[in-house]
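Take a walk through this chain, from its open space to its packed rings. Keep the 3D view at hand.

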Amino acid sequence: MPSPTQVVTLLKSQNINRVRLYDADRSMLLAFAHTGIQLIISVPNDQLLGISQSNATAANWVTRNVAAYYPATNITAIAVGSEVLTSLPNAAPVLVSALKYIQAALVTANLDRQIKVSTPHASTIILDSFPPSQAFFNKTWDPVIVPLLEFLQSTGSPLMLNVYPYFDYVQSNGVIPLDYALFQPLQANKEAVDANTLLHYTNVFDAIVDAAYFAMSYLNFTNIPIVVTESGWPSKGDGPEHDATVENANTYNSNLIQHVINKTGTPKHPGTAVATYIYELYNEDTRPGPLSEKNWGLFHTNGTPVYTLRLAGAGAILANDTTNQTFCVAKEKVDKKMLQAALDWACGPGKVDCSELMQGEACYEPDDVAAHSSYAFNAYYQKMGKASGSCDFKGVATVTSTDPSRGTCVFPGSAKSNQTLGHNTTALAPSANSTTSGCFPHPQASFVNLTFLSLLLLIALVFL
């Protein structure tokens, strides 16, 4: 894995200003000093018992891991444990005590106003999550949940929740549509409606967050905010993990970020953005378990992006492409007639030089519409200066950071090419209302002031 200094360098290069650490590693805390980046640090599960049984142990933890670095290192919250109720149920009875002892130590250090204390939960602690208005916490945990919510309310701290629509989708056995999990547009008659409130839900994420709000209100807690401390989608999976793909991961994270940036909120709390952390910054090649467990990252460990997020935003543009090497290629498993129509437009009205696709030329082989479309789409994308909307082609194209060049077929924009392309950012492909076959603009990769979570091995992203 990259060193703490390399992690911070990457984050700073992306103008990222909020981070979550899965522990309180000294080298990481030192690396973040004087950066201004806001940190959530964590008490690991294996330290809960000691902290919960001794005020002195908690005070010592705060002295060593918080006071020793603050304010040079901008610590803003402490996550005490992680998914304790579901992953370490034997420790559940001591969880609230651990939070209270950490809070007391912060009060003694005069840091309680600057630093909040909470604990992340798996969303599975909520039962009957749809319709959201009928959701409630697993009553088995009432002896923990009720005093926990009382603590959060009294300290002004958020409920931390890990929300993974990927797992809800996979475990639904086809009941949850993929588009509903990915924030993709739905026809009105496809939206899920809560019959009790008549609220319409267009995605799984909002439904889970609102289920948590309703579950708290069922226990008479109505003013505790929610922070989503983990969310994301894997970009690669084993045989049965058919929907763990680069395209789906890009779609989910791009749409989620746009959803939060736009302050869309949820149907229960419209216009109120849910602060959200995307899991995770780096892929973990050596992590045990199924292939998907190794592939939740936005970046490879060498700092190159796994994919380039597709976002529409105003002002400064921040993309997760640190190399500036991006290409436009045909999506996999799309209709060949749509590909052919887009290829015809690119090589015709799009005024792309498609001579390299002629028989006998370097990019003729393989002679299929997908390969030829990728070359033409990319040539157009590079000619337009990678402008927003120049890689869509009615939904059959996508941006990638992997150079699609092969053999003697060198794609425009490749580091292997000395070709100079003209930039024209004003002439775009036809609009969605155009009668011309081919492509139309779609808002593409840009995002502003997003935040990555980082740890030695487990690293993720947050944004407001």
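What follows covers a pocket, a strand pair, a helix and a set of aromatic rings.

The model is predicted. Start with the empty space. Rolling a probe the size of a water molecule over the atoms shows where such space is left. The largest pocket has a volume of about 910 Å³. Its lining counts 34 residues. Nearest the centre of the largest pocket lie T245, V246, E247, N248 and E332. Four elements give two or more residues each to this lining: α9 (178-181), α11 (246-261), β13 (327-330) and β14 (397-400). Which of them gives the most? Helix α11 does, with five residues. By class, the lining of the largest pocket holds 15 polar, eleven nonpolar and eight charged residues.

Two of the lining elements, β13 and β14, also belong together as strands. They run antiparallel, and four bridges join them. To find the register, look at F327: this residue stands opposite T400 in β14. Now follow the side chains along a strand. In a regular strand they alternate between the two faces of the sheet. In β14, A397 and V399 point one way, while T398 and T400 point the other way. Are these four residues buried or exposed? All are buried.

Strand β13 holds V329. The relative accessible area of V329 is 13%, so this residue counts as buried, the cut-off being under 20%. V329 also shows how the fold brings separate stretches of sequence together in space. V329 and A376 are 47 residues apart in sequence, yet their C-alpha atoms are 8.4 Å apart.

Next, check a helix by arithmetic. Helix α6 covers residues 92-108, which is 17 residues. At 1.5 Å a residue, α6 should span 24 Å. The C-alpha atoms at its ends are 25 Å apart, which agrees. The buried residues of α6 are A92, L95, V96, A98, L99, I102, Q103, A105 and L106. After α6 comes N110, whose phi is positive, near 60°.

Now turn to the rings. The structure holds 18 aromatic pairs. One of them joins Y166 and W233. Their ring centres are 5.0 Å apart and their planes stand at 75°, so the pair is edge-to-face; the cut-off for that class is over 60 degrees. The pair links distant parts of the chain, with the two positions 67 residues apart in numbering. Y166 sits in helix α8 (residues 165-171), and W233 sits in the loop between β11 (226-231) and α11. Both partners are buried: Y166 has 3% relative accessibility, and W233 has a relative accessible area of 0%.

A further pair has another geometry. F183 and F205 are tilted, at 5.9 Å centre to centre and 45° between the planes. This pair also links distant parts of the chain, 22 residues apart. F183 lies in the loop between α9 and β9 (192-193), and F205 lies in helix α10 (residues 204-218). F183 is buried, with a relative accessible area of 12%. F205 is buried too, at 1%.

Which residues form one aromatic cluster? They are Y164, Y166, F167, Y169, F183, F205, W233, Y252, Y279 and W296. The cluster thus takes in both pairs described above, Y166 with W233 and F183 with F205.

Conventions: Residues numbered from 1 in each chain as written. Predicted model: local features only at pLDDT ≥ 70, side-chain atom pairs only at ≥ 80, totals over all residues. Heavy atoms only, no water. 1 Å grid on protein atoms, 1.4 Å probe; cavity = no way out; pocket = protein on both sides within 12 Å on 5 of 7 lines; lining within 4 Å. Points joined across faces, edges and corners; volume = space filled by probe spheres on them. Nonpolar A, V, L, I, M, F, W, Y, C, P; charged D, E, K, R; others polar. Expected span 1.5 Å × (residues − 1). Buried < 20%, exposed > 50% of the residue type's maximum accessible area, 1.4 Å probe, protein only. Pairing = 2+ DSSP bridges. Phe/Tyr/Trp six-rings, centres within 6.5 Å; stacked < 30°, edge-to-face > 60°.
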